[in-house]
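Biologist: I've got this fold open on my screen and I'd like to talk it through. Can you walk me around it?

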Amino acid sequence: MNELHLQDKFLIPFFRDGLGYKEVKANTVTQSLIIEEDLQAFISDTELNKKPYEQLLKKYGGNKQKLLADLIALIQERCGSSRNKALFINANKAITLQGIKLHLFYTSDSVIHDNALFEENIFSVVQELPYKYNYQGQQVFSFRPDIVLFVNGIYLGYSELKSNYTSQNATKNGRGKVIKDYFEAVKVYHQQFDSNAMLSDNEKLAYRKDFLKIFEKAIHITTTDIGETFVIRTLADYFDEMLATCREGKFDREEIEKKASTVFKPYPLLNPDADKKDKLKELFTALYGKLFIEKEILYYNFIERDVYLNKGVKEVKNEAGHLISPRPKQKFGTDKIMAKIDEFLAHEQEPDYFEQLLEKQLAGVGEAKKKELLEKRKAYSNNKNVYSLLMQYAAGFGKSNIIGWSALQLKDLRRPDSHGKSEYVYDKIMIVVDRLQLRSQIDSLMLNMNIDNRMVKEATNKKTFQEALASDTRLVIVNLQKFGSVREMLDAEVLQKLASMRIVFLIDEIHRSNSGDQHEEMISIFDELQSPFDNSAYAGACTKKNLIIGFTATPDDHSLARFGEFSGYAESEKLWRPFDSYTMKEAIEDGFILNPLKNIVPVASKMLFDLPSNPLTGFTEKEYKDAQKKQIYENRDRIDAIAKYVADLLVKDVYRQIRGTGKAMLAVHSIKAAIAYKEAVSKHFNALVQQPKFAKYAEAPIHIVYSANQDEQNATGLNGGLTEEKVLESFALSKNGLIIVVAKLQTGFDEKRLHTLFLDKEIKGISAIQTISRVNRTAKYKNDCKIVDFSYNNVNVQNIKDAFEHFSDVVVSDFDPFSDKKVLDVLLSELKKSDTFDKFFTVFMSIYKDAAKRDDPESYLDFESSLKKYIDANPQRTADTKAKAAQYFTILNRIEYVIDLDAKYSEPSFLFFWRKFNTLYNMLHRSEDIKDPIEVYFDNQIGIIEVVTYEPKEKKKAQSSRRGRIRSGWAI
């Protein structure tokens with residue numbers, strides 16, 4: 001089967017019968033790439049155009065040919081100034097000729113017309129179109145694309161077919177043919193126009209727009225061999241390099257082809273195991289289906305321009321900007337989200353839908369196994385009270401764009417109500433951000449997507465959140481950094497309002513660091529956001545289901561079990577996986593991010609440890625506590641030596657990177673260390689820039705960012721009075737710079753010219769991946785990134801390797817809460833049988849339930865005294881009970897809300913009693929002996945060393961610790 005058979009016998013019938021296109025003969029298409037017959041029919045015969053066309057025709061004295069010619073000339077002019085046809089049609093859905101408006105495209109889901117107008121659009125397909133270009137009466141170029149697509153006579157794009165039966169494939173031959181055809185066209189452009197001294201630059205540009213439009217104005221160009229279909233949208237990005245090659249008299253396109261192939265990527269498949277013909281149908285529906293073409297026009301293409309402040313208002317700069325359109329995997333992911341939402345909505349009133357779905361998928365599985373799996377699935381809370389989708393996308397994948405494309409579609413999403421009237425599906429689309437920089441990115445994204453400020457509200461506290469709920473504005477940005485806590489936002493009053501609404505939450509990054517905490521625990525915003533919806537009061541009142549969509553590169557077991565996709569259809573399979581994924585491994589292989597493991601430089605800073613002198617030697621043998629991490633990481637001599645090393649690297653290496661625009665981040669152990677580093681690095685850096693060869697870096701800022709802490713001075717004072725927002729703005733605009741951080745900015749901070757990460761703290765797991773991903777963004781002239789590790793004993797080298805091993809590919813979970821529940825049952829029984837419970841619970845409850853006793857301090861004091869005496873008198877027995885209580889809370893914290901649990905496990909008085917017991921036990925067993933710390937010295941040795949790493953150990957079955965919402969006082 002050659003290409004013509006594939007084309008004529010399969011694809012064209014599919015376009016015609018499956019997608020609703022009409023086939024048009026190639027000779028009806030003009031050099032202007034317009035099907036005049038289609039355009040004429042659309043402007044004269046469709047509902048909204050009939051009357052305006054009649055009026056316009058009168059102005060033309062009945063001359064249809066002249067009217068059509070003038071309209072085509074206007075379309076050509078407007079197309080020339082648009083980056084591609086999607087942007088042209090979006091901006092010119094209606095066009096004015098002689099003062100009269102004609103429509104060029106009807107959108108679907110119209111408030112007035114529903115889909116009736118959309119069905120009047122004329123989608124056409126042309127086989128073997130001979131694209132010829134004539135200049136000064138001579139044909140200077142021709143080629144014949146296999147399949148060319150049009151809407152209402154306006155060109156959309158083309159597809160190049162290859163047949164495996166002729167030993168050709170899309171991977172090599174198809175992509176090569178598309179790039180070769182464009183290169184040949186650029187070569188002709190150089191010969192006929194670029195090298196023509198008689199033409200002005202403006203004339204040359206006009207010829208380029210007209211001549212190369214079949215390549216450069218296409219929404220996308222595809223090539224397929226049935227097995228795989230590749231998509232490219234940005235051929236024009238290689239024009240300058242191709243033209244420069246031609247100007248040099250060279251016509252070797254091999255290097256350019258390599259570069260272009262890195263973005264000429266295969267379109268993913270929902271059903272990769274399907275038959276070839278079904279694969280092709282799926283792919284061509286996603287790329288050329290009528291509603292998918294409409295999405296390209298309305299949502300997926302826009303021009304990104306720089307944003308600036310004008311009198312406090314953000315505006316888009318008046319500049320050419322660059323095209324933002326989805327890579328194949330990005331569009332696939334966004335379309336997949338929207339398709340899943342359609343599925344959710346279709347089955348919203350079916351509480352057992354997912355169990356029924358699983359039952360169908362288990363056809364052929366033994367009855368006993370089927371029953372076990374169905375019971376297990378029913379027990380999970382996932383998707384019961386609120387729908388959730390968890391996306392594992394590598395940092396640098398473009399999550400903000402996916403959020404923007406999704407938000408735009410969700411904003412416009414309509415469905416007929418019970419009376420058949422079309423209404424909006426979601427009352428609000430809430431974009432949840434946790435960092436100022438992400439907030440600014442979303443602002444810029446909205447402006448570039450032509451979303452007016454009046455269409456968006458920002459919620460920063462309970463009051464503004466409630467105002468946003470009550471307003472007509474449907475896009476809301478929830479700024480958690482100002483909010484403080486999600487629980488404060490979603491209190492009982494707000495949840496009551498939400499019970500009658502349908503809202504979608506889009507979370508840019510589901511993890512955030514504990515504010516101001518030097519430890520590397522990551523809080524899950526996903527957990528925080530869903531927990532209020534899982535309470536019984538909300539579940540009983542809600543009439544519609546809200547939706548939470550979370551994005552992260554690092555899903556943990558708990559997040560997967562609570563928000564992921566159930567795939568436990570066989571014993572060997574992992575239970576939970578992300579809804580969609582684009583992993584770090586894929587992103588590195590595709591060249592979209594850099595490999596952060598390639599350049600990890602371990603720099604050792606030796607420390608000496610010594611016992612302090614004991615003046616009571618001979619009388620008393622003193623106990624000493626181990627050296628604490630802060631004694632190492634906050635040691636001023638060590639900080640000064642590392643700061644000198646950092647300053648030296650900044651001027652000699654970092655700032656020279658990326659054609660002299662490199663920047664760096666220094667992540668440190670604590671606020672105290674950060675303040676010391678700010679002073680020390682500034683001192684050494686200022687000394688270095690006194691040297692003439694480094695003077696050009698003198699203006700590079702050294703900023704510091706950390707969460708406000710009542711024990712330390714505010715970061716604003718250390719940044720010359722700049723707020724955090726201004727610091728981030730300054731850092732982004734500066735040619736070079738260093739930013740010192742503690743926990744903030746280790747997630748979500750996106751600065752493409754960040755080249756080097758200095759680490760003087762210990763990172764592992766999720767925190768390690770989030771932190772190293774700050775430097776692996778790609779940028780023009782950025783060929784690598786570097787991590788310089790100062791951690792004590794350089795533990796980060798192994799930690800980073802272990803974390804990368806776990807999170808670089810699709811993360812799937814075998815988290816088994818049912819085993820935990822069995823242990824919880826045993827612990828609940830044993831705690832209730834314990835002497836402690838038997839002797840004190842009733843007494844405690846008599847106080848807990850009596851308002852008068854509750855308000856009387858003496859009641860609690862008497863209770864505490866008797867409990868303390870009991871603990872003292874029964875050390876072994878109460879120690880055992882304490883261990884069981886601790887284990888009980890740990891397990892409950894891990895599995896609550898993951899699976900349905902009886903109320904008995906979380907009975908408030910029971911939990912409160914054991915929390916009180918725990919507090920008293922800890923107070924009684926707190927050591928009163930003051931131990932002197934071991935003294936720590938820096939020995940003034942610092943330098944690069946080699947660190948031997950080991951393959952990560954096989955993951956143990958023990959459950960990962962629960963991250964996310966932790967009830968106050970639960971962790972024992």
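What follows is a chat about cysteines, two sheets, a few helices and some odd backbone angles.

Biologist: Before I reach for a reducing agent in my head: how many disulfides turn up in the whole structure?

Modeller: Keep in mind that this is a predicted model. A disulfide is a covalent bond between the sulfur atoms of two cysteines. To be counted, a pair of cysteine sulfurs has to sit within 2.5 Å. The search over the whole structure gives 0.

Biologist: Then what about Cys79 and Cys785, are they buried or exposed?

Modeller: The cut-off for buried is under 20% relative accessible area. Cys79 comes in at 6%, and Cys785 has 1%. Cys79 is therefore buried, and for Cys785 the verdict is also buried.

Biologist: On to the sheets. Which strands sit at the edges of the open sheet with mixed pairing?

Modeller: That sheet has 7 strands, in the order 1-4-7-8-9-10-11. An edge strand pairs on one side only. That describes strand 1 (22-24) and strand 11 (265-266).

Biologist: Which residue in strand 11 is the bridge partner of Val231?

Modeller: Strand 10 (residues 229-232) pairs with strand 11 in the antiparallel sense, over 2 bridges. Helix 11 (residues 276-288) lies across strand 10 and others, among them strand 8 (154-161), and runs at about 15° to strand 10. As for Val231, its bridge partner in strand 11 is Lys265.

Biologist: There's an open sheet with parallel pairing too. What is its strand order?

Modeller: This one has 7 strands, and its neighbouring strands are turned by 20° against each other on average, ignoring direction. At the edges are strand 20 (456-459) and strand 28 (580-582). The order reads 20-21-19-22-25-16-28.

Biologist: And in strand 21, what is the bridge partner of Ala459?

Modeller: Strand 20 and strand 21 (residues 475-479) run in the parallel sense, paired over 4 bridges. Ala459 is bridged to strand 21 through Val478.

Biologist: Which strands does helix 13 touch when it packs on the sheet?

Modeller: The direction of helix 13 makes about 170° with that of strand 16 (387-393). Besides strand 16, the helix touches strand 25 (547-552) and strand 28.

Biologist: How are helix 12 and helix 13 turned relative to each other, and why?

Modeller: Helix 12 (residues 290-300) and helix 13 (residues 328-346) have axes 13 Å apart and an angle of about 105°. Angles from 65 to 115 degrees fall in one class. The two helices are therefore roughly perpendicular.

Biologist: What residue classes make up that contact?

Modeller: From helix 12 come Phe292, Lys295, Glu296 and Tyr300, and they meet Lys331, Thr334, Asp335 and Met338 of helix 13. Sorted by class, that is 3 nonpolar, 1 polar and 4 charged residues.

Biologist: How many residues of helix 12 are buried?

Modeller: The buried ones include Ile293, Ile297 and Tyr299. Charged residues are on that list too, among them Lys290 and Glu294. Helix 12 is mostly covered, and the count is 8 of 11.

Biologist: Last one: in helix 28, are Ile658 and Arg659 buried or exposed?

Modeller: Ile658 is in helix 28 (residues 657-660), and Arg659 lies there as well. Each has a positive phi without being glycine: near 50° for Ile658 and near 55° for Arg659. Ile658 has 6% relative accessibility, so it counts as buried. Arg659 has 61%, so the word for Arg659 is exposed.

Notes. Residues are numbered from 1 along each chain as its sequence is written. This is a predicted model: local features need pLDDT of at least 70, side-chain atom pairs count only at pLDDT 80 or more; totals for chains, interfaces and linings use all residues. Side-chain values use heavy atoms; hydrogens and water are left out. Buried means under 20% relative accessible area, exposed over 50%, partly exposed in between (1.4 Å probe, protein chains only). Axes are lines fitted to C-alpha atoms, for helices over the stretch in contact, and angles run from 0 to 180 degrees between N-to-C directions. Angles under 35 degrees count as roughly parallel, over 145 as roughly antiparallel, 65 to 115 as roughly perpendicular and the rest as oblique. Contact means heavy atoms within 4.5 Å. Two strands pair if DSSP finds at least two bridges between them.
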